[in-house]
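Let's take a walk through this one together, starting with a single residue and working outward to helices, domains and chains. Keep the viewer open as you read.

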Amino acid sequence: MSESLSVNAPLTAADGEPLKLKLARERRNKQLKAVALIAPLAIFLLLTFVIPIATLLKRSVDNPEVVSYLPQTTKAIAGWDRRALPSEDVFRAMSQDLLVAKENKTIFEVAKRLNMDITGFRSLLQKTARKMPLELAAGESVRDRFIQIDERWGDPDHWHVIAKNAKSWTPFYLYSSLDLRETKAGTPELAPVEERAFLNIFGRTLWISLWVTVFCLLLGYPLAYWLANLPARKSNLLMILVLLPFWTSVLVRVASWIVLLQREGLINSALMNLGLIHEPLQLAFNRVGVYIAMVHILLPFVILPAYSVMKSIPQTYMRAAISLGDHPFAAFWKIYFPQTVAGVAAGALLVFIMCIGYYITPALLGSPEEQMVSYYVAFYTNVTINWGMAAALGSLLLIATMTLYAVYSKLVGANRLSLG
Amino acid sequence: MSEQQPASDVLVSFRGVQKSYDGESLIVKSLDLDIRRGEFLTMLGPSGSGKTTCLMMLAGFETPTHGEIRLGGQLLNNVPPHKRNIGMVFQNYALFPHMTVAENLAYPLTIRKMSKSDVAARVKKALDMVQLGNLANRYPGQMSGGQQQRVALARALVFEPQLVLMDEPLGALDKQLREHMQLEIKHIHDTLGITVVYVTHDQSEALTMSDRVAVFKDGIIQQIDAANVLYEKPVNSFVANFIGENNTLHGEVVAVEQGSAVVRLASGDTVRASAICVDRAGEPTSMSIRPERVRLNQFAESCENRLPARLAEFIYFGDHVRLRLDVAGQSGFMVKVPVGELDSRWQVGDTLNVGWMSQDIRALDSAVIAH
């Protein structure tokens with residue numbers, strides 16, 4: 001023992017193996033075990049979270065149609081000066097591409113894509129494709145023939161659109177989602193007022209979310225305070241009443257709200273029978289209904305974090321403040337409230353983020369005026385099969401959420417974010 | 001006590017105060033208590049004895065069900081707690097975690113609308129008093145328990161209240177720090193001349209610090225006296241057992257004459273004791289004697305009371321040894337012997353003679369339940 005300590009040689013285990021190696025191996029084994037334990041979750045997250053989001057983000061700028069189905073035109077139009085009509089080569093390449101596209105039946109894809117930029121492009125392309133192959137007399141210009149088929153081919157704007165889309169990615173969907181459009185110079189500009197839609201929808205989404213959050217805070221904070229200061233037996237019972245709707249399906253709850261709020265619903269008929277109103281109130285299928293149902297559904301997300309934070313604040317803080325001479329209301333505001341901010345803000349953030357992505361409640365309980373961004377994501381995915389737009393709107397929602405979180409963690413500090 | 005008008009030096013007076021939470025049982029049964037100006041009064045008692053409730057009624061966080069509480073002659077019953085101008089130190093310190101030490105101390109001063117320079121001067125003075133002048137900008141979470149306790153103390157004193165209440169303020173500290181802080185609080189009390197009402201369940205803390213100690217049990221003050229009187233002259237067996245170490249001998253009163261009682265033990269031996277709670281023959285009694293008043297063998301020869309005892313156990317304490325004895329057939333009788341006086345020939349099972357003066361043993365009530 002004293003020998004091994006006095007000499008500077010590496011320590012060895014009883015079997016002669018250096019102790020350091022042994023330790024390193026043991027540590028590695030432990031790490032491998034830990035990795036093996038989290039591997040299922042990591043793979044699950046990768047497959048269901050990381051990859052779909054990456055695909056979504058890619059899809060929002062993806063622009064494959066022109067490049068894949070009009071390959072020769074794509075190549076030829078690269079050299080165009082973008083002022084006068086393109087050269088004869090471009091027209092010839094176009095006629096060959098259209099012939100191939102017609103035979104492969106891919107013309108529809110390109111036509112649909114180009115029609116997004118200029119209405120009528122679809123019919124123009126299909127009409128021209130039907131005329132393929134062109135039977136040209138010797139020395140006859142393809143360009144003249146195209147213009148003969150449809151004079152729009154003589155308009156450089158249409159060629160601009162093809163040139164613009166002859167890239168495998170495009171900001172088009174993202175621009176459209178923000179009511180922007182690309183000028184010929186390639187810079188974004190705001191679309192004319194009558195064509196704008198999405199800024200309004202985004203604004204409405206944020207506005208509704210803001211108010212739902214405010215209502216949740218106004219209703220949830222006092223309730224959480226009350227629950228936190230009740231004796232445990234009573235507060236547990238009441239907590240179950242908070243959680244019970246929380247455990248019920250959102251669809252069921254929205255349906256129940258429809259029953260309660262509609263024109264001939266429970267509330268209206270009760271108020272009419274009491275003689276308080278003579279006309280039924282419009283409670284469902286408008287903003288009021290959406291607010292009522294969303295606040296009801298999201299309330300627990302404010303109450304629970306607020307409750308858990310309040311539960312951890314001993315009564316003595318308030319007592320101390322009062323014994324020091326402060327009025328109970330002032331003491332509440334100066335001593336109690338600041339300590340609850342982290343939990344309450346966490347709840348509010350949660351509610352706001354969930355609101356931004358809300359779909360089912362406004363869809364069922366709102367008029368078209370209450371539809372939020374998610375509705376249009378669903379609309380583009382299911383109805384018009386325009387995945388580019390759906391992905392772009394989704395990406396913007398994601399960015400909005402992340403920006404919000406960044407602002408929040410800057411203001412409150414993410415490490416103070418406490419969900420209890 | 002309850003009949004006389006409050007004297008001029010009485011700061012706080014409780015008159016016939018009762019408190020019940022459920023309407024069925026009284027947590028404070030009947031409290032008449034005068035606290036003098038500049039006094040350090042400790043309310044001592046086991047948990048549930050009503051001492052903390054009394055403190056909370058004084059602070060204003062509980063309202064008496066019946067009775068009057070006066071502070072400096074002014075009736076407190078309808079004064080809300082924030083207008084009472086009473087400093088308070090809590091067991092868990094209750095320092096505001098989102099404020100620095102200086103902000104914590106400035107809190108009561110800014111409420112009183114003092115000028116900024118006055119606030120800064122007072123905060124500095126208070127922090128210097130508890131020797132924490134260099135930690136003004138720390139947050140409570142960055143300080144040790146002892147430091148937090150000092151800040152809490154400084155905060156309760158900084159607005160110069162006429163009365164400071166302390167609710168088991170040292171309960172969360174370790175023994176060494178607690179003893180240190182006891183002295184520090186005592187010194188601050190002496191220096192500032194403030195009135196302190198201190199609640200604790202630790203009897204040694206109460207004896208060390210207080211001018212007077214009120215011993216609570218079942219919502220009633222059992223005895224209120226200076227520490228030495230409480231220890232030497234307990235008025236009932238609860239106080240005798242609660243304060244310090246105590247030996248008990250059970251027996252029956254044979255005769256009572258001129259404040260002295262003759263008590264016969266179950267073994268047939270008789271003991272002469274001071275009659276405190278007994279006044280007639282035939283009463284059962286528990287007699288109380290402090291371990292250091294018991295003398296052994298040759299030291300016991302001059303005593304009026306002498307009994308044989310069997311040595312049951314030695315317990316070594318370093319500076320002294322405790323002997324556990326069976327006296328007259330009653331077990332658990334402790335005697336403290338300095339190491340120098342210990343006879344090395346003694347062994348477990350030996351019979352020794354124990355003795356004491358009759359004024360040192362007190363014949364008290366027999367019941368474990370106080371009357």
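Start at E168(B), which counts as buried because 20 other C-beta atoms lie within 10 Å of its own, and the cut-off for being buried is 20 or more. Keep in mind as you look around that this is a predicted model. The backbone at E168(B) is worth a look too: phi is positive there, at about 40°, even though the residue is not a glycine. To find E168(B) in the chain, go to the loop that runs between β7 (163–167) and α5 (175–192) of chain B.

Now zoom out to the rest of chain B. Its secondary structure comes to eight helices and 20 strands, and its C-alpha trace spans about 75 × 50 × 35 Å along the principal axes. E168(B) is part of the buried share of the chain, which is 39% of its 371 residues. What about contacts across the sequence? Taking the contacts in chain B between residues at least 6 apart in sequence, 65% of them join residues at least 24 apart.

The domain assignment splits chain B into domain 1 (10–237) and domain 2 (238–364). Measuring nothing by eye here, the centres of domain 1 and domain 2 of chain B, taken over C-alpha atoms, are 38 Å apart. How many residues do the two domains of chain B bring to their contact? Domain 1 brings 11 residues and domain 2 brings 13. On the domain 1 side, the elements giving two or more residues are β9 (212–217), β10 (220–225) and α7 (227–232) of chain B. That domain 1 side is made up of five nonpolar, five polar and one charged residues.

Chain B also touches chain A, in a contact that takes 19 residues from chain B and 15 residues from chain A. From chain B, β6 (86–89) and α2 (101–111) each supply at least two residues to the side that touches chain A. By class, that side of chain B has 13 nonpolar, five polar and one charged residues.

Cross over to chain A, where the domain assignment gives domain 1 (2–52), domain 2 (65–170) and domain 3 (198–416). Between the centres of domain 2 and domain 3 of chain A, again over C-alpha atoms, there are 52 Å.

Two backbone details in chain A are worth a stop. Most residues other than glycine have a negative phi, and most peptide bonds are trans. Against that background, look at the bond joining M132(A) and P133(A), a cis peptide bond with omega of about -10°. P133(A) is found in the loop between α7 (121–130) and α8 (142–149) of chain A. The other detail is I385(A), which is not a glycine but has a positive phi of about 50°. Is I385(A) buried or exposed? I385(A) counts as exposed because it has 10 C-beta neighbours inside 10 Å, and 12 or fewer is the cut-off for that class. I385(A) lies in the loop between α19 and α20 of chain A.

Follow that loop into α20 (residues 387–411) of chain A, a helix of 25 residues that reaches 36 Å from its first C-alpha to its last, close to the 36 Å expected at 1.5 Å a residue. Its buried residues include G388(A), M389(A), A390(A) and L397(A). The buried residues of α20(A) pack against α2 (19–59), α10 (172–177), α17 (328–356) and α19 (373–383) of chain A.

Take α2(A) from that list. It packs with α20(A) at an angle of about 115°, with the axes 7 Å apart, and the crossing is left-handed. In the contact, L56(A), L57(A) and R59(A) of α2(A) meet residues of α20(A) including W387(A) and G388(A). The contact divides into four nonpolar, three polar and one charged residues.

Finish with α17(A) and helix α11 (residues 198–229) of chain A, whose axes come within 9 Å and cross at roughly 145°. This crossing is right-handed. Among the residues that meet are T205(A) and I208(A) in α11(A), and V344(A) and G347(A) in α17(A). By class, the contact of α11(A) with α17(A) has 11 nonpolar, five polar and no charged residues.

Note on methods: Residues numbered from 1 in each chain as written. Chains lettered and ligands numbered in written order. Predicted model: local features only at pLDDT ≥ 70, side-chain atom pairs only at ≥ 80, totals over all residues. Helix = DSSP H or I, 4+ residues; strand = E, 2+ residues; numbered from the N terminus. Expected span 1.5 Å × (residues − 1). Contact = placed C-beta atoms within 7 Å. Nonpolar A, V, L, I, M, F, W, Y, C, P; charged D, E, K, R; others polar. Axes fitted to C-alpha atoms, helices over the stretch in contact; angles between N-to-C directions. Left-handed = near helix turned anticlockwise from the far one by under 90°. Domains from an automatic or database assignment.
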